[in-house]
Amino acid sequence: MKQNMSLSVVMCTYNGASRHLAEQLDSIFSQTLLPAELIVQDDGSTDNTMDLLHDYAAKAPEGMEMRIFRNEKQMGINANFFSAMRRAKGDLIAVSDQDDIWMPTKLEEQVAAMADPHTMMCVCRSVPFSESGAEVRYDPRRPNCNLIRLFYASMMGHCQMLRRTLLDYIPSETEHPDIYRRTCYDVMTATAAAALDAICLIDRVLVRQRRYAEAATYVGVDAHRVRQADNALYMVWYGMCHWHKVKPWMRQHFAARLTFIEWVWRHEKAGKLDVRDGVTTNNPIYADALKLLHAECGTSPFSLLSLMRMYVKYRHVLFYTYEKDPIALLRALMHPFMQVYNYRYLVPQKIISTK
């Protein structure tokens with residue numbers, strides 16, 4: 001392994017024994033590069049998940065230690081994953097869900113990509129599949145993982161391999177409870193890495209993401225978000241009609257992200273983080289990200305104009321993948337209103353219909 005970096009895989013489980021857990025464990029055991037340890041932390045399963053885990057621990061491949069932990073009381077997804085990751089001994093941590101399937105070379109390819117010491121996170125691509133009739137949709141275009149883009153999307157945890165020191169950039173739930181209430185662990189890790197301008201992408205599918213309606217992260221396909229002109233017009237119309245109801249909730253959402261990346265900056269400048277040469281928030285994208293988030297949180301017409309200006313400036317990295325002008329410019333100008341449609345789920349149904 002390059003630079004003698006040790007590797008840990010971290011998995012969190014909950015009632016996974018009957019939901020393909022064995023298949024995922026088999027795919028980890030079959031990696032061309034085995035981790036030094038596999039940490040599995042269970043969040044109070046009531047099925048026979050623990051029995052299955054102990055059976056697998058007894059037959060773990062030579063050279064790989066499988067360490068099993070069980071929470072005394074349920075912690076939830078965010079606290080469980082961060083707790084499990086902080087148990088890891090490896091220099092690198094690969095995150096695993098309990099029901100996916102990894103391609104055999106996933107760990108080997110991601111470790112190779114992490115050889116650059118300035119890279120804090122490597123992400124790969126995943127392709128969704130379903131055996132239960134759940135809706136799936138896959139976009140084959142090359143995505144981007146720029147900080148501006150990641151304010152409106154994220155790189156899913158099962159695609160992430162991170163340097164353990166990245167956890168130093170994540171506040172605890174006590175230090176920043178709002179971000180824990182409003183988002184997920186993988187959004188925090190990806191946002192922190194992007195704030196450092198330290199993410200690399202392997203543009204290959206290395207994970208098969210299993211989709212089924214009972215999965216904690218399952219969301220059905222929204223036909224209005226399919227990329228076509230009539231859907232764009234519908235979303236703009238919806239945004240204009242519901243701006244006054246949705247935007248206050250969006251401001252709270254983005255305020256949490258603003259204070260999150262400001263926390264990273266303050267702790268770095270105070271010398272509380274082990275910052276290496278070249279890995280810092282002292283980069284142009286971070287400064288503009290602050291301006292954008294302040295505009296998202298503003299209430300005046302000038303805030304909207306500032307937001308649109310930032311969208312136009314970053315129009316080639318704002319969307320899932322690169323767009324050419326004039327399409328990119330047009331989409332950037334419409335984006336404030338389209339985002340109202342995308343974030344309508346933040347608003348309680350008693351205030352606005354989410355349909």
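1. A residue counts as buried here when its relative accessible area is under 20%. Val 279 has a relative accessibility of 1%, so it is buried. Bear in mind throughout that this is a predicted model. As for where Val 279 sits, look in the loop between helix H8 (229-269) and helix H9 (284-297).

2. What does Val 279 touch, once its neighbours within four places in sequence are set aside? The list is Pro 117, His 118, Met 120, Tyr 169 and Leu 196. Asp 197 is worth finding too: its C-alpha atom is 7.6 Å from that of Val 279, although 82 residues separate the two along the chain.

3. Now for the whole chain. You should find 11 helices and eight strands in it. There are 355 residues, and 53% of them are buried. Take the contacts with a separation of 6 or more: 81% of these are between residues 24 or more positions apart. The chain exposes about 16,300 Å², with carbon and sulfur atoms supplying 54% of that area.

4. The strands are a good place to get your bearings. Eight of them make up an open sheet with mixed pairing, in the order E3-E2-E1-E4-E7-E6-E8-E5. Strand E3 (65-70) and strand E5 (101-102) are the edge strands, each pairing on one side only.

5. Strand E1 (7-13) deserves a look. How many of its residues are buried? Seven of seven, so to speak a mostly covered strand. In a regular strand, side chains alternate between the two faces of the sheet. In E1, Leu 7, Val 9, Met 11 and Thr 13 point one way, while Ser 8, Val 10 and Cys 12 point the other, and all of them are buried.

6. E1 has partners on the two sides given by the strand order, E2 and E4. With E2 it pairs in the parallel sense over six bridges, and Val 10 stands opposite Ile 39 there. E1 and E4 also run parallel, joined by five bridges, with Leu 7 opposite Leu 92. Elsewhere in the sheet, eight bridges join strand E6 (residues 121-129) to strand E8 (residues 199-210), again in the parallel sense. To find that pairing by eye, look for Ser 126, which stands opposite Val 207 in E8.

7. Two helices to trace against the sheet are H2 and H4. Helix H2 (residues 49-58) lies across E1, strand E2 (37-42) and E3, at about 160° to E3. Helix H4 (residues 106-113) lies across E1, strand E4 (92-96), E5, E6, strand E7 (160-163) and E8, and runs at about 165° to E8.

8. On to the interior. The largest nonpolar core has 76 residues, and those with the most contacts inside it are Met 85, Phe 151, Tyr 152, Leu 166, Tyr 169 and Leu 292. Which element gives the most to this core? That is H8, with 14 residues. A second, separate core has 32 residues, among them Leu 21, Leu 38, Met 66 and Val 207.

9. Phe 151 makes a handy starting point for exploring the largest core. Beyond its neighbours within four places in sequence, it is in contact with Thr 191, Phe 254, Arg 257, Ile 261, Ala 289, Leu 292, Leu 293 and Tyr 343.

10. Aromatic rings come next, with 13 pairs in the structure. Phe 81 and Tyr 185 are a stacked pair, because their ring centres are 4.2 Å apart and their planes meet at 15°. The two are 104 residues apart, Phe 81 in helix H3 (residues 76-87) and Tyr 185 in helix H7 (residues 185-195). Phe 81 is buried at 6% relative accessible area, and Tyr 185 is buried at 5%.

11. Compare Tyr 234 and Tyr 341: with ring centres 5.8 Å apart and planes at 80°, this pair is edge-to-face. Tyr 234 belongs to helix H8 and Tyr 341 to helix H11 (residues 327-342), 107 residues apart. Are these two rings' residues buried or partly exposed? Tyr 234, at 24% relative accessibility, is partly exposed, whereas Tyr 341, at 1%, is buried.

12. One last thing to look up is a cluster of rings: Tyr 152, Phe 254, Tyr 311, Tyr 343 and Tyr 345 are linked by ring pairs. Tyr 152 is also among the residues with the most contacts inside the largest core, and Phe 254 and Tyr 343 both touch Phe 151.

How values were computed. Residues are numbered from 1 along each chain as its sequence is written. This is a predicted model: local features need pLDDT of at least 70, side-chain atom pairs count only at pLDDT 80 or more; totals for chains, interfaces and linings use all residues. Side-chain values use heavy atoms; hydrogens and water are left out. Helices (H or I, at least four residues) and strands (E, at least two) are DSSP runs, numbered from the N terminus. Buried means under 20% relative accessible area, exposed over 50%, partly exposed in between (1.4 Å probe, protein chains only). Contact means heavy atoms within 4.5 Å. Accessible areas come from the Shrake-Rupley method with a 1.4 Å probe; for residues, only the protein chains shown count as cover. A nonpolar core is a set of buried Ala, Val, Leu, Ile, Met, Phe, Trp, Tyr and Cys residues joined through side-chain atoms within 4.5 Å. Two strands pair if DSSP finds at least two bridges between them. Axes are lines fitted to C-alpha atoms, for helices over the stretch in contact, and angles run from 0 to 180 degrees between N-to-C directions. Rings of Phe, Tyr and Trp (its six-membered ring) pair if their centres lie within 6.5 Å; planes under 30 degrees apart count as stacked, over 60 as edge-to-face and the rest as tilted.
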